Amino acid sequence: MAAGAGLLLVLSNGPVLRFAGLLDRPGLWNDRAVWPFFAAAAGASTVLAWAVWRPGGGGTRRAGWDDPGSRAAVGAVLSRAALAAIGWYSAVAVASSLWSVYPSATLWRSVVYLGLALLAVALAGFTDDELSTVLVLLASVAVAGSLILIVLQHDVGTDRDGNWIGMYTNRNSLAPLAALGVIAGLRWLLPRAMPASRYRRAWGAVLVAASLVTLIGAGSRTAWLALAAALALASALGAVAGASRLRGWRPWQTWAAAASGGLVAVGACVAVVAAAWDVSTFSQRRTIWSLVWDRVLERPWGGYGFFAFWEVPELVADHVLLERGSAHNSLVETALGLGVVGTVPFVVVVVLAAVNAGRGLWLRPSPDTGMWAAVTVFVLFENVTESFVLWFSHIWVLLLAAALRRSTSVAES
C-alpha cells in the first residue's frame, strides 16, 4: 500500500517538477533531472505488479482470473477486455515513434508509460480496504505537504494570482489530489465490515477537512465540479442498489428506480456545468478544443506521435492558447497524438471503467464500492477538462485500474 501510494505521488508530477526547479532546471519532460524519477517509477511499478499477482506466497489470493479464492478475497478480477485495450493503446503509443514529429521524445515517454499500465494492474489486485488506504496515504502526503509549504513559504506555495499550488506547479494539479482526499477521507469515516479504529476515523475526518480547505484555496472549478459529480452519481446509484436489496423490489421497480436516480444525478451535474459554461475557464477550453481539432483533422489516422505535438514550437505558434501545452481533454489529446488507432482503445478503457465501477457498486453496494465508483466518476470527469492521459499521471493510472478491476457478485465470489 505504501509503495502504491508513493508511486502515485511521483506520478502526480508536482513534487518531481518542483525538485527540478530547486536545481534551477526548467522541469521539462525531457529534462535529465526529471526523467529518471519517472523511469524509476515505471521500473518499481513492474516489481509491484509482479508482487501483487505472483503465484504462491502472499500473492495467492490474487492469483488471477480463475482462482475462486482470489475473487472471494478481492471482490474483483482483471478484465481481459481492459487488458487487451490497454495493451493496444500502449503498443500504438510506442509504435507512434515511427511517425512522430518528435521521435526520440515519443519513444522514451511511451516506453516509460508501460510502467503506468503495470501500476494500474497492481492496483487492480488490491482489496477494497487496501485501495482506500492507498488513496488516503496519497492524499494525506500531497495535502499536508502542500499546506506546510503554503504556511512556511507562502510565495512559493501560491501562484501569481494568489491561488494555492502547494507542492505542485499549478492549482489544477493540486486540486484533484485534494478532491481525492475528500472521497477517501469520507470512506474512512463511514462504517466498514470490521470495526474501525479511532485513529482511522480521526484521520479520515482531518483529511476531509484539510482537503476541503485546500480545494477552497486552490480555487479550481473543474475539481469542484468533478467532486460534486462523483459524490452525486455514486450516492444515487448506491442508494438505489441498497434499497432494491432491502425491500426486495421486482426487476422493473429496480430498473425504474435506478433510471430515475441516475437521471436526477446526471441532471444535477449537467445543470452545474451549464451554469459555469460561460466562465472564462470553460470558454477558453472550448476554444482550445476547436483549435486542436483542426490539427487532428490534418493527421487523423496516426496523429502526431505520443507526447510530441506540444514539443514542436512551429505547431503551437498559431494561437496563444496552444502555447499552454495541452488540449485540456484526454479524448482530444489522444486523437491528436495517436489518431484513430489510439482513440479506439482509449474509448474502450473509458467505457469499461464506467461499467466496471457501476457494476461493482450495483452488485455489492457498500462504502468501499461506493468510494471506488466515486473515484472513477471523478477521474473520468477530470479527463474531460484536462489531458491527464498525456502526462505521467496518477489520474490516468486510476482510470486504467478502474477499467481493469471488474467486480464480481457475492454469488460469484
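**Note on a nonpolar patch and two positive phi values**

1. Val 344 counts as partly exposed, because its relative accessibility is 37%, a value that falls between the limits of 20% for buried and 50% for exposed. The model is a predicted one. Val 344 is a residue of helix H15.

2. Val 344 also takes part in a nonpolar surface patch, together with Trp 88, Trp 301, Val 340 and Val 348. The area of this patch is about 470 Å². Which helix gives the most to the nonpolar patch? Helix H15, which covers residues 330–363, does so with 3 residues.

3. The next points concern backbone angles. Most residues other than glycine have a negative phi. Asn 13 is not a glycine, yet its phi is positive, at about 75 degrees. Asn 13 sits in the loop that runs between helix H1 (2–10) and helix H2 (14–22).

4. Is Asn 13 buried or exposed? The relative accessible area of Asn 13 is 9%, and the cut-off for buried is under 20%, so Asn 13 is buried.

5. His 328 is another residue other than glycine with a positive phi, here near 55 degrees. Where is the place of His 328? His 328 belongs to the loop between helix H14 (313–316) and H15; H15 is the helix that holds Val 344.

6. His 328 has a relative accessible area of 12% and is therefore buried. In brief, the two loop residues Asn 13 and His 328 are buried, whereas Val 344 in the patch is partly exposed.

Key. Residues are numbered from 1 along each chain as its sequence is written. This is a predicted model: local features need pLDDT of at least 70, side-chain atom pairs count only at pLDDT 80 or more; totals for chains, interfaces and linings use all residues. Side-chain values use heavy atoms; hydrogens and water are left out. Patches are made of residues with over 30% relative accessible area and no salt bridge: like charges are joined within 9 Å, nonpolar side chains (Val, Leu, Ile, Met, Phe, Trp, Tyr) within 5 Å. Accessible areas come from the Shrake-Rupley method with a 1.4 Å probe; for residues, only the protein chains shown count as cover. A salt bridge is a side-chain nitrogen of Lys or Arg within 4 Å of a carboxyl oxygen of Asp or Glu. Helices (H or I, at least four residues) and strands (E, at least two) are DSSP runs, numbered from the N terminus. Buried means under 20% relative accessible area, exposed over 50%, partly exposed in between (1.4 Å probe, protein chains only).
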